[in-house]
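Hi,

Here is the structure I promised to pass on. Have a look at it first, and then read my notes below.

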Amino acid sequence: PSPFPAGLMWLQHGEGARLHHSCEQQQEDAPRYGWVMHDGENFGIQEIRDGNLVLKTEFVKRSGGSHGGDWSWRVSARARSREGPAPLLSLFFYVATDGQGQLEPQLEEGTRLAAVTGTTEELGNFTVTFLRPTATSGGEELKYASYTHLSLPSPGLHRLAELVRSRLSSRFSFSPPGGPRRRYLGVDPSRAAPGEPPLSPSLGHFVLHQVTLEAPAVAEVTFESGSVGGRGARLAGGALGGALARAVAAFEQRFEATFGLSRKGFPGPQRRFAQAALSELLGGVGYFHGHSLLRAPGGGDHPVPSAPAALFTAVPSRSFFPRGFLWDEGFHQLLLGRWDGALSRDIIAHWLDLMNAEGWIPREQILGDEARARVPPEFLVQLSDTANPPTLLLALERLLPDAPPSYLRRVFPRLRAWYEWFQRSQAGPLPHTYRWRGRDPPHPRFLNPKTLGSGLDDYPRASHPSAHERHLDLRCWMALAARVLREVAERLGEPARGYRDTEQALSDNRLLEELHWAPELGAFADYGNHSAAVGLRWHRPPPPAPGHPAPEPQLLREVREEPRLRFVAALGYVSLFPLLLQLLRPDSPRLPGLLDTIRSERQLWTPYGLRSLSRDDPFYRQRNTQHDPPYWRGAIWVNMNYLALRALRGYAGAEGPQRERAAGIYRELRENLVRNLYREFTDTGFLWESYSDSTGRGQGCRPFAGWSALVVLVMAEDY
């Protein structure tokens with residue numbers, strides 16, 4: 001709740017100099033960055049490419065004492081091209097307190113910040129030391145550098161870069177022996193903002209060390225805990241290099257033991273791609289604390305803050321979604337649970353602890369000022385009737401064989417409350433049917449009101465939201481939920497009959513067909529008040545009054561056929577859910593038709609993975625509003641392709657008439673998906689949010705090592 005943050009900013013001097021701090025993706029020339037190795041606990045290596053500059057950040061932890069032990073960081077800088085003068089670079093290392101704790105800057109020769117001593121409640125006494133830079137890793141040859149520093153009240157973690165920019169001045173000179181004198185931007189302690197408050201423990205304290213040098217160079221920072229006794233050599237220089245080398249070897253050995261990609265014949269570059277995918281997901285795991293903004297249905301226009309909440313979680317994207325998302329997290333934990341079961345169980349428990357008294361978990365966790373600063377205002381408030389797919393149960397089911405009974409006994413009351421909340425709040429109009437609440441109301445600008453609670457946002461649903469809707473995907477998620485609750489209850493000796501009865505009813509293929517089979521579509525489907533003739537059309541407003549500007553044309557919804565209760569003729573991911581969650585029997589007469597849909601290039605099949613909506617669907621690649629491009633209307637999403645591969649592998653291994661066909665489709669789809677994600681990573685340096693169904697190119701935000709990192713499990717064939 002009151003952290004001791006430490007971080008890095010950097011700036012390349014020259015024309016168009018730009019200070020970089022937080023992970024961004026808005027600019028076309030934004031740096032490429034990502035963790036290439038990270039074990040989730042003690043060690044990591046990250047690479048950053050910013051134009052001609054390559055930065056490598058490395059850290060390693062040495063346990064000891066009663067406060068976690070010592071940590072050391074190494075930042076190496078080099079130029080990709082040796083042409084022209086060596087780039088002049090500033091590295092800004094900072095530490096801060098956030099409401100509690102004390103920091104004391106330790107100056108050397110009156111100007112260079114050599115160290116910071118301090119104390120916080122969680123870490124006790126410590127010393128952070130900024131070592132002089134060297135020319136090479138572990139080398140002893142010192143590198144010429146210029147130094148300046150800041151020691152100021154902290155304006156909040158989300159405003160640190162803004163504070164540094166306000167203090168930059170061009171009055172500083174870089175004058176290496178025998179080299180040209182160059183001006184550079186340095187933080188100027190004398191450049192105070194008007195009305196800046198004095199240092200106060202209640203505000204927090206921000207201390208920054210700026211070192212300016214020419215690449216190539218290496219800078220190291222050590223954190224030494226005051227409670228570590230008899231530590232021996234400082235974790236720096238050769239000792240740090242040795243610790244990093246041992247950590248790299250241990251990571252590679254553990255990665256191969258866990259996923260076996262070398263045994264499967266993947267060459268080195270593809271194994272390194274998979275290591276980077278896992279590492280970027282692990283490197284995005286963070287701790288968040290603060291209030292959510294909540295509103296109950298009919299609760300008026302004024303949201304209320306939740307009680308303070310803490311969340312330990314992975315995030316979908318360090319740049320665009322640096323916060324917790326409920327349905328994403330279940331997919332994240334499928335991978336992290338294979339790497340570190342205890343870590344995954346801890347994260348799942350944190351999510352379950354966010355539950356309110358009714359059993360509801362907000363689908364998006366925007367906790368604290370730092371998180372809120374990255375979210376558009378219209379998405380800040382969470383509605384308490386809106387669910388999200390219970391994908392945490394997918395991950396928990398995988399963890400059950402090794403989960404300690406004491407853990408299951410602690411989480412079971414929350415699992416039960418969550419399940420019962422779903423049954424109460426998302427019930428459909430008929431027994432054993434379900435309806436996502438929180439759909440957008442009809443609006444003249446919306447082609448199809450969104451269903452954010454489903455996770456599939458703009459996937460086509462009934463054109464006119466109503467209480468008559470039956471949502472196929474939610475029904476399948478509830479079948480999974482009943483199965484997992486039954487398994488946990490049986491493990492603990494708790495009453496399981498209710499879960500077993502619901503599981504059997506929701507797995508009944510005859511009842512599933514009765515409620516969701518659309519004969520005219522030849523597939524499973526949603527049901528609701530739907531018009532098949534809806535489109536967006538440009539409307540020109542009436543001429544303005546004399547002297548007034550002409551209003552802009554508007555793209556508005558046009559309903560050319562009255563809606564009626566019917567199946568929703570949208571063929572895509574939702575249609576596949578009885579297959580994706582393996583509710584269909586291997587001998588189901590509906591399975592061949594779904595396999596046809598998967599393999600049809602006119603429908604869902606592409607050389608890069610399964611598209612989200614059939615190519616011959618009227619909503620395929622259609623915008624939802626003038627300013628809202630298609631999202632789940634054709635793009636390829638890795639999480640759904642993972643579920644498809646998992647299901648196909650299951651049907652290929654089960655006795656049934658479609659066994660060989662499922663196996664063939666599985667092999668083709670796996671090869672297509674892995675090949676395309678690897679190609680895009682090689683070309684761009686990133687995993688992406690989704691992929692184009694026509695070119696395979698990454699689209700949406702990047703890096704997106706959330707559920708796109710499931711490619712590691714696909715490569716390992718670990719489902």
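I'll start with a charged residue: Arg697 is partly exposed, at 38% relative accessibility. Its side chain meets that of Asp683 in a salt bridge, 3.1 Å from N to O. Arg697 sits in the loop between β29 (690–691) and β30 (698–699), while Asp683 belongs to helix α15 (residues 659–684), so the contact ties together parts that are 14 residues apart in sequence. Asp683 is partly exposed too, with a relative accessible area of 45%. Elsewhere, Arg62, Asp70, Glu224, Arg231 and Arg234 are joined into one network by salt bridges that share partners. Keep in mind that this is a predicted model.

More on the charges

The salt bridge count comes to 47. One of them links Arg439 and Glu469, with the closest N and O atoms 2.8 Å apart. Both residues lie in the loop between α8 (405–425) and α9 (472–492), so this pair ties together parts that are 30 residues apart in sequence. Are the two ends buried or exposed? Arg439 counts as buried at 11% relative accessibility, and Glu469 counts as buried at 2%.

Another salt bridge pairs Glu490 with Arg486, at 3.3 Å between the closest N and O atoms. These two are four residues apart in helix α9, which means about one helical turn separates them. Glu490 is partly exposed, with a relative accessible area of 41%, whereas Arg486 is buried at 17%.

There is also a positive surface patch, made up of Arg49, Lys56, Arg78 and Arg80. Lys56 belongs to strand β5 (residues 53–62) and is partly exposed, with a relative accessible area of 32%.

Strands

β15 (residues 217–225) is worth a click: nine of its nine residues are buried. What about its two faces? Both are covered, with Ala217, Ala219, Val221, Phe223 and Ser225 on one side and Val218, Glu220, Thr222 and Glu224 on the other, all buried. As a reminder, side chains in a regular strand alternate between the two faces of the sheet. β15 pairs with strand β6 (residues 70–79) in the antiparallel sense over seven bridges, and Ala77 has Ala217 as its bridge partner there. Strand β10 (residues 124–130) also pairs with β15 in the antiparallel sense, over five bridges; here Thr127 is matched with Glu224, which also belongs to the salt-bridge network.

β3 (residues 32–38) is mostly covered as well, with five of its seven residues buried. It runs antiparallel to strand β4 (residues 43–50), joined by six bridges. Arg32 has Arg49 as its bridge partner in β4, and Arg49 is part of the positive patch. The two strands form a hairpin with four residues between them, and Gly40 in the turn has a positive phi of about 85 degrees.

For a long-range contact, try Trp35 and Ser279: they are 244 residues apart in sequence, yet 5.5 Å apart in space, C-alpha to C-alpha. Ser279 is in helix α3 (residues 268–283) and is buried, with a relative accessible area of 0%.

Finally, three strands form an open sheet with mixed pairing, in the order β18-β17-β22. β18 (304–305) and β22 (381–383) are at the edges with a single partner strand each, so one side of each has no neighbour in the sheet. β17 (residues 293–295) pairs with β22 in the parallel sense over three bridges, and Leu294 stands opposite Gln382 in β22.

Cheers

Note on methods: Residues are numbered from 1 along each chain as its sequence is written. This is a predicted model: local features need pLDDT of at least 70, side-chain atom pairs count only at pLDDT 80 or more; totals for chains, interfaces and linings use all residues. Side-chain values use heavy atoms; hydrogens and water are left out. Patches are made of residues with over 30% relative accessible area and no salt bridge: like charges are joined within 9 Å, nonpolar side chains (Val, Leu, Ile, Met, Phe, Trp, Tyr) within 5 Å. Accessible areas come from the Shrake-Rupley method with a 1.4 Å probe; for residues, only the protein chains shown count as cover. A salt bridge is a side-chain nitrogen of Lys or Arg within 4 Å of a carboxyl oxygen of Asp or Glu. Lys and Arg count as positive and Asp and Glu as negative; His and the chain ends are not counted. The place of a charge is taken as NZ of Lys, CZ of Arg, CG of Asp or CD of Glu. Buried means under 20% relative accessible area, exposed over 50%, partly exposed in between (1.4 Å probe, protein chains only). Two strands pair if DSSP finds at least two bridges between them.
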